[in-house]
Amino acid sequence: MDRRNFLINTGLAIGALVSPISISAADSPTRKTTRSGKLNLSFKPYELQLRHAFNLAKYSRTATPGVQVQIEYDGIVGYGEASMPPYLGESVESVCNYLNSLDLSQFNTPFCLEELHEYMDALAPNDRAAKASVDIAMHDLVGKIMGQPWYKIWGLNPDKAPDTCFTIGIDKADVVRKKVDEAAPYNMLKVKMGLDNDKELVEIIREKTDRPIVVDANQGWDDREKALDMCHWLNERGCLFVEQPMPKEKIDDTAWLRERSPLPLIADEFLQRLPDVRRAHGVYDGINIKLMKTTGLHEAYKMATLARALDMKILLGCMTETSCGISAASQLSPLVDWADLDGNLLIANDCFDGVKIVNGKVEIPRDRPGIGAIPLV
């Protein structure tokens, strides 16, 4: 039986009507109701504690708010999560309010992912992390029903998963040196920039290692001439690309920089969802896909496919997330040029087991259906 017929037949076999369930974010532990043939949504806040302060060009934090999500169907549970760093504009309250507003009674099968996203977008235009939590849980659920991981459902080769970089945030010299030591298992380092000491940070890293670096300026370079000087300087020091060098509003300046830079420019804050891929074409050389921006795997896969058609590079990134979100993203990793999937490695309270990094390379869980993440508690 081919994959399409399998999907149709499986969907028909389990396609009972589903009804809504309203769950309060205040419930602890998470309230869950199991009823045959129904989709049952439950969720609870879960704050992610960082191993080190996460310092960027415009702010610093020691924790990231999150919400853990479950969707149960006939005894099978799919897991998802929302992670909300400050710049996304979402909060635990907004995510829980959005999840409480969902009414799934119109869907007669868990396989209606396209219709689910149309409904979620019609319900509210933004709330991207909230939508991603539902999308990830539904992908996990559908994959478990099919008994297959999503890289197989998409027809991807896990051997083509790339190396992932390990993030070195803006910090004092002694802390940077410690972080470089901690990153010894990784073949590529990601350097956060955007302040006056950018060159000093790279020089400290170069004292410790000659491994390739990638740079994320987080919109921190306001002047295009300075940005161009930095791109040339970084090119001479083993840098592979520069992510979001200038403010996302400076489209003309970024296009000017792209024409002259010896390094590829990757869009991050500039780019959120599928329509932004075409906007980025000609301004940037590539895009950074993050599930918390794209509303989950469904649209992320479309974005990767379109970027490939436009001959653009793809970086698969993440927020600070548990191994639930990172494992979900890893299913897409054979499609991309580079990965930045270290969000679970930066936290001290991961509540899932999932994707591993082996010799610096993303190792997708091959024997687990769905997204490949298993709760630890």
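These exercises work through a predicted model of one protein.

**Exercise 1. Overall make-up**

Task: State how many helices and strands the protein has, and what share of its residues is buried.

Solution.
- Step 1. The count is 13 helices and 17 strands.
- Step 2. The protein has 377 residues, and 59% of them count as buried.
- Step 3. Turn to the surface. About 14,800 Å² is exposed, with 49% of that area supplied by carbon and sulfur atoms.
- Step 4. Take the contacts between residues at least 6 apart in sequence. Of these, 68% join residues at least 24 apart.

**Exercise 2. Classify an aromatic pair**

Task: Decide how the rings of Tyr 79 and Phe 352 are arranged, and which parts of the chain they tie together.

Solution.
- Step 1. Start with the search of the whole structure, which finds seven aromatic pairs.
- Step 2. Check the geometry. The ring centres of Tyr 79 and Phe 352 are 5.6 Å apart, and the planes meet at 70°.
- Step 3. Planes over 60 degrees apart count as edge-to-face. The Tyr 79 and Phe 352 pair is therefore edge-to-face.
- Step 4. Locate the partners. Tyr 79 belongs to strand 5 (residues 76-83) and Phe 352 to strand 14 (residues 352-353), so the pair links parts 273 residues apart in sequence.
- Step 5. Test burial against the cut-off of under 20% relative accessible area. Tyr 79 has 14% relative accessibility, so Tyr 79 is buried. Phe 352 has 6%, so Phe 352 is buried.

**Exercise 3. A tilted pair**

Task: Describe the pair formed by Phe 270 and Tyr 284, and say whether each residue is buried or exposed.

Solution.
- Step 1. The centres of the Phe 270 and Tyr 284 rings lie 5.1 Å apart, with 45° between the planes, and the pair is tilted.
- Step 2. Phe 270 sits in the loop between strand 10 (265-267) and helix 10 (275-280). Tyr 284 sits in the loop between helix 10 and strand 11 (286-289). The pair therefore ties together parts 14 residues apart in sequence.
- Step 3. Phe 270 counts as buried, at 5% relative accessibility. Tyr 284 counts as buried too, at 2%.

**Exercise 4. Other ring arrangements**

Task: Name the residues of the aromatic cluster, and find what lies over the face of Trp 256.

Solution.
- Step 1. Trp 150, Trp 154 and Tyr 301 make up one aromatic cluster.
- Step 2. Arg 224 lies over the face of Trp 256, 4.3 Å from the ring centre.

**Exercise 5. Read the sheet**

Task: Give the strand order of the eight-stranded sheet, name its edges, and place two helices against the strands.

Solution.
- Step 1. The sheet is open, with parallel pairing and the order 6-7-8-9-10-11-12-13.
- Step 2. Strand 6 (165-168) and strand 13 (338-339) are the edges, since each pairs on one side only.
- Step 3. Zoom in on one pairing. Strand 8 (residues 213-216) and strand 9 (residues 239-243) pair in the parallel sense over three bridges. Ile 213 has Cys 239 of strand 9 as its bridge partner.
- Step 4. Add helix 8 (residues 224-235). This helix lies across strand 8, strand 9 and strand 10, at about 155° to strand 9.
- Step 5. Add helix 12 (residues 297-309), which packs on the sheet and touches strand 11 and strand 12 (313-316). The directions of helix 12 and strand 11 make about 170°.

**Exercise 6. One loop residue**

Task: Locate Asp 103, classify its exposure, and give its distance in space from Leu 41.

Solution.
- Step 1. Asp 103 is in the loop between helix 2 (92-101) and helix 3 (113-123).
- Step 2. Its relative accessible area is 31%, so Asp 103 is partly exposed.
- Step 3. Asp 103 and Leu 41 are 62 residues apart in sequence, and their C-alpha atoms are 10.0 Å apart.

Technical notes. Residues numbered from 1 in each chain as written. Predicted model: local features only at pLDDT ≥ 70, side-chain atom pairs only at ≥ 80, totals over all residues. Heavy atoms only, no water. Helix = DSSP H or I, 4+ residues; strand = E, 2+ residues; numbered from the N terminus. Buried < 20%, exposed > 50% of the residue type's maximum accessible area, 1.4 Å probe, protein only. Contact = heavy atoms within 4.5 Å. Areas by Shrake-Rupley, 256 points an atom, 1.4 Å probe, with all protein chains shown as cover. Phe/Tyr/Trp six-rings, centres within 6.5 Å; stacked < 30°, edge-to-face > 60°. Lys NZ or Arg CZ within 6 Å of the ring centre and 35° of its normal. Pairing = 2+ DSSP bridges. Axes fitted to C-alpha atoms, helices over the stretch in contact; angles between N-to-C directions.
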